[in-house]
Amino acid sequence: MSHVPNDNPRGKNGGRAILWIIPRSISTAFAKCMSGIPGCEVWYEPFGFSHMGMMKVLEKHGIADCPMSYDGHEKEFKMTAQELEKLAPGSTFFPDRLPFASIKKELEESTSKYVFVKDGSYAMSTDQRRQFLPKGYQHVFIIRHPLLVYKSIRKAFFAQFLEAGILKFNETDESSFDYRLYANEYSSDALFQQHHELWTYIRDHVNPSPLVIDSSALLTNPAPVLREFCETVGFPYSNSLLQWSASPEVAKSWKWPADNMYKNEAFLGVSMYSTHFTPSAAVPSWEEVTDDVRELAEKAMPYYEDMIQHRLIE
């Protein structure tokens, strides 16, 4: 596999990487793994949370354009933080950490030897937003089969909405939950399309051969996948990365857009208490999943099938 050199110093001088994700693609466990690298600063979805909050504010308050900087838009970002707190009860979001311009500036100015960012590709769905991609970072994409992704998303969102008290279609339990009724509102119906579009943009404008990681390969045979990832982005690899503490305490040191986010059991519970990568669950048959999962996965398959052809093969 050929690699375009990073424009940020590598090797003994450090490295920087953004792992662009689709939700439920083992990326939180990946972040815990990266915490095992001495001197590695870990960021948790800074652009993704900004996107989610801004979408709610735009819809609710009729704001025409997404503000990208904090100065002059303090009111909008205060509302954004408030909307995010409704989705994640118990967390306090910081308005000045949410603007895309602020995130880009802080990422570029980090003095840490190694910087690892995991973030949602859906947050970079327009050219207006892509101008805030930080310079000096290698871009890596992780991919997972749509049936596994949407089956897991459905379960996690039901638990999250139930806890937050924002179920709104008279759902009485998970069996009556139809995620299609929420997918557009939370930008989940086009996850794979947006992942594919950002991957295409990076290939056209940044790196013609960005690394694509198949989450199933990572789970089944993590050592060679992690070794290739580290080599690509300028991180040091050792077999010690294959095991980590079960405690979620390490996440307290991560860069979050809010306090106490690591306590979100609906989305993070399993990964936060993980200790290593374990073999992936089998892909379910199309017949055994619920109708909402099947419909969303069918729309995602062409984008997944194109990207998976470019995956790292070990």
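Trainee: How many bridges join strand β5 to β6?
Mentor: This is a predicted model, in which local features need pLDDT (the predictor's confidence in each residue, from 0 to 100) of at least 70, side-chain atom pairs count only at pLDDT 80 or more, and totals for chains, interfaces and linings use all residues. Residues are numbered from 1 along each chain as its sequence is written, and side-chain values use heavy atoms, with hydrogens and water left out. Strands are DSSP runs of E with at least two residues, and helices are runs of H or I with at least four, both numbered from the N terminus, while two strands pair if DSSP finds at least two bridges between them. Strand β5 (residues 138-143) and β6 run parallel, and the number of bridges joining them is three.

Trainee: Which strands stand at the edges of the sheet?
Mentor: Five strands with parallel pairing form an open sheet, in the order β2-β4-β1-β5-β6. Each edge strand has a single partner strand, so one side of it is left without a neighbour in the sheet, and these strands are β2 (40-44) and β6 (212-214).

Trainee: Which helix gives the largest share of the largest nonpolar core?
Mentor: A nonpolar core is a set of buried Ala, Val, Leu, Ile, Met, Phe, Trp, Tyr and Cys residues joined through side-chain atoms within 4.5 Å, where buried means under 20% relative accessible area with a 1.4 Å probe, protein chains only. Of the 92 residues in this core, Phe30, Phe116, Phe229 and Phe235 touch the most other members. The largest share, eight residues at 291-308, comes from helix α12.

Notes. Buried means under 20% relative accessible area, exposed over 50%, partly exposed in between (1.4 Å probe, protein chains only).
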